[in-house]
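Work through the following exercises with the structure open beside the text, and try each task before reading its solution.

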Amino acid sequence: MTRLFGTNGIRGIVNKTITTQFVCKIAQCLSTIFPAGSTLLIGTDGRSSGPMLKMAAIAGLNSVGINVYDVGFAPTPAIQFAVTDLKVDGAVIITASHNPPEFNGIKIIAGDGVEIPREKEELIEEKYEDKSLELVSWTEVGSTTTRYIIDTYIDAILKHVDIKSIKARRFTAVVDPGNGVGGLTTPLLLSRLGFKVITVNGQLDGTFPGRFPEPTPENLAQLGSVVKAYNADFGVAHDGDADRAIFVDEQGRVVWGDQTFALVARHVLAENPGGKIVTPIASGSIIKDVVKEAGGEIIWTKVGSVIVSRKLIEVDGVLGGEENGGIFYPPMQPVRDGAMTTALIAQILAKNGSPLSHHLKSLPQYFIAKAGVPCPHDKKTKFLSVLIKRTSDLERNTLDGVKIFYTDGSVLIRPSGTEPKIRCFAEATTEAKAEKYLEYGMNIINKCLREVGGIHVDESD
Ligand code: MG
């Protein structure tokens with residue numbers, strides 16, 4: 001069977017793999033999980049191909065009897081929130097998140113606002129292979145109407161922060177949505193919190209002329225300099241569909257996602273003592289240390305935002321997070337939400353009055369070292385079982401690859417999901433220690449590869 005779904009939906013290059021015919025057919029295959037008479041939302045990120053692919057999807061959905069509320073351009077978390085708010089059966093989101101402009105894709109959302117689980121993706125894939133797709137009779141063709149969802153989404157976020165205390169600070173922020181749909185929500189949200197808002201790359205433009213849609217430190221130099229030029233309290237950047245938020249402090253320095261996550265975790269645990277914090281095993285020790293110090297419980301998961309969301313629901317977690325700037329705040333919704341994250345950071349800054357850089361200084365500091373070794377895809381499973389056996393006497397976690405914990409750091413060894421490689425990430429409280437732990441990790445990898453057999457070991461990345 002052809003596997004169509006990746007970690008976050010279906011992705012590909014527009015008019016190559018992601019064609020109108022393909023999107024229409026996938027939409028028709030959704031009848032296998034959403035029967036005729038269901039109602040789904042449909043919305044897009046700001047990509048140029050969004051409206052074209054959305055119309056193809058609507059045609060497909062209506063042809064199998066599914067009714068559609070078209071919400072237009074909107075951030076992924078705004079659409080996810082609207083699913084539960086409007087009590088519809090789910091949503092189709094046309095987005096390729098942080099991928100370059102030539103890409104687009106499809107995310108399917110279940111009735112609880114979270115992306116559908118793998119079992120349901122498989123049902124869609126089966127239906128796609130199966131040639132017997134049934135269309136409904138003309139009397140049962142689905143309807144399409146439009147809905148505006150942005151204001152109710154912002155109203156909902158505002159219920160989770162103390163508007164008065166934030167307003168009193170008269171903050172200034174620079175918002176860089178990277179010409180994506182975050183520009184439709186975050187500036188508006190911050191204005192309603194009394195901020196003076198400056199935007200860069202604020203206009204919606206599917207060619208992403210300002211910067212690439214992935215908010216990496218290299219892509220945020222402009223944001224940093226605008227923050228400094230305006231003496232702003234912070235800057236915030238989103239990815240293409242605004243489910244992630246990356247901040248820069250008042251000195252224009254990029255704050256990586258695990259630091260933001262740690263700050264929010266400390267804040268949430270102060271209000272929810274003993275709460276459960278859910279995060280993938282790939283997250284840094286900074287989060288482990290902060291959660292422990294704040295008296296919370298950390299729950300590790302495999303890597304993947306849908307896995308974090310589902311685990312949060314299962315264990316009734318108070319917060320979830322990923323090192324890439326994805327923060328899940330269940331009182332709003334158990335999914336990554338860039339605007340909600342921004343409101344939480346505003347709340348943290350309003351609470352004690354010191355600048356963002358001071359908050360960051362209070363966090364544990366870790367240094368990172370990483371490397372990769374080639375390994376053919378077909379040897380990865382064997383490699384992993386040898387690795388698990390060889391590390392059995394160490395303090396380790398085998399949820400996703402092997403993570404070995406030391407008192408002042410860790411090493412994560414993980415076969416790459418997409419490339420023929422084994423990756424090794426080390427971290428420690430000093431740079432020298434991080435290099436040393438990387439060496440330990442690489443030693444283990446090389447021993448395991450030798451045991452798996454027939455692999456040329458090259459220590460370059
Ligand atoms: Mg995204």
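**Exercise 1.** Determine how many residues of strand β5 (residues 103–109) are buried, and identify which strands pair with β5.

*Solution.* Begin with accessibility, where buried means under 20% relative accessible area, exposed over 50% and partly exposed in between, with a 1.4 Å probe and protein chains only. By this criterion strand β5 is mostly covered, since six of its seven residues are buried. This is a predicted model, in which local features need pLDDT of at least 70 and side-chain atom pairs count only at pLDDT 80 or more, while totals for chains, interfaces and linings use all residues. Residues are numbered from 1 along each chain as its sequence is written, and side-chain values use heavy atoms, with hydrogens and water left out.

Next, look for partners, bearing in mind that two strands pair if DSSP finds at least two bridges between them. Strand β1 (residues 10–13) pairs with β5 in the antiparallel sense over four bridges, and Gly12 stands opposite Asn104 in β5. Strand β4 (residues 90–94) is also joined to β5 by four bridges and runs antiparallel to it; here Ile93 stands opposite Lys107 in β5.

**Exercise 2.** Describe how helix α3 (residues 76–85) packs against helix α5 (residues 150–158), and state how far α3 is enclosed.

*Solution.* First take the geometry: the axes, which are lines fitted to C-alpha atoms over the stretch in contact, lie 10 Å apart, and the helices pack at an angle of about 90 degrees. That makes α3 roughly perpendicular to α5, a term that covers angles from 65 to 115 degrees.

Then list the contact (heavy atoms within 4.5 Å): Pro77, Ala78, Phe81 and Asp85 in α3 meet Thr152, Tyr153 and Ala156 in α5. These residues divide into five nonpolar, one polar and one charged.

Finally, eight of the ten residues of α3 are buried, so α3 is largely enclosed by the rest of the structure. Among the buried residues are Ile79, Gln80 and Phe81. Just after α3, Lys87 takes a positive phi of about 55 degrees.

**Exercise 3.** Characterise the contact between helix α14 (residues 380–390) and helix α15 (residues 431–452).

*Solution.* The two axes come within 9 Å and cross at roughly 125 degrees, which makes α14 oblique to α15. On the α14 side the contact is made by Lys382, Phe383, Val386, Leu387 and Arg390, and on the α15 side by Ile444, Ile445, Lys447, Cys448, Leu449, Glu451 and Val452. Sorted by class, the contact has eight nonpolar, no polar and four charged residues.

Methods:
Axes are lines fitted to C-alpha atoms, for helices over the stretch in contact, and angles run from 0 to 180 degrees between N-to-C directions. Helices (H or I, at least four residues) and strands (E, at least two) are DSSP runs, numbered from the N terminus. Angles under 35 degrees count as roughly parallel, over 145 as roughly antiparallel, 65 to 115 as roughly perpendicular and the rest as oblique. Ala, Val, Leu, Ile, Met, Phe, Trp, Tyr, Cys and Pro count as nonpolar, Asp, Glu, Lys and Arg as charged, and the others, Gly among them, as polar.
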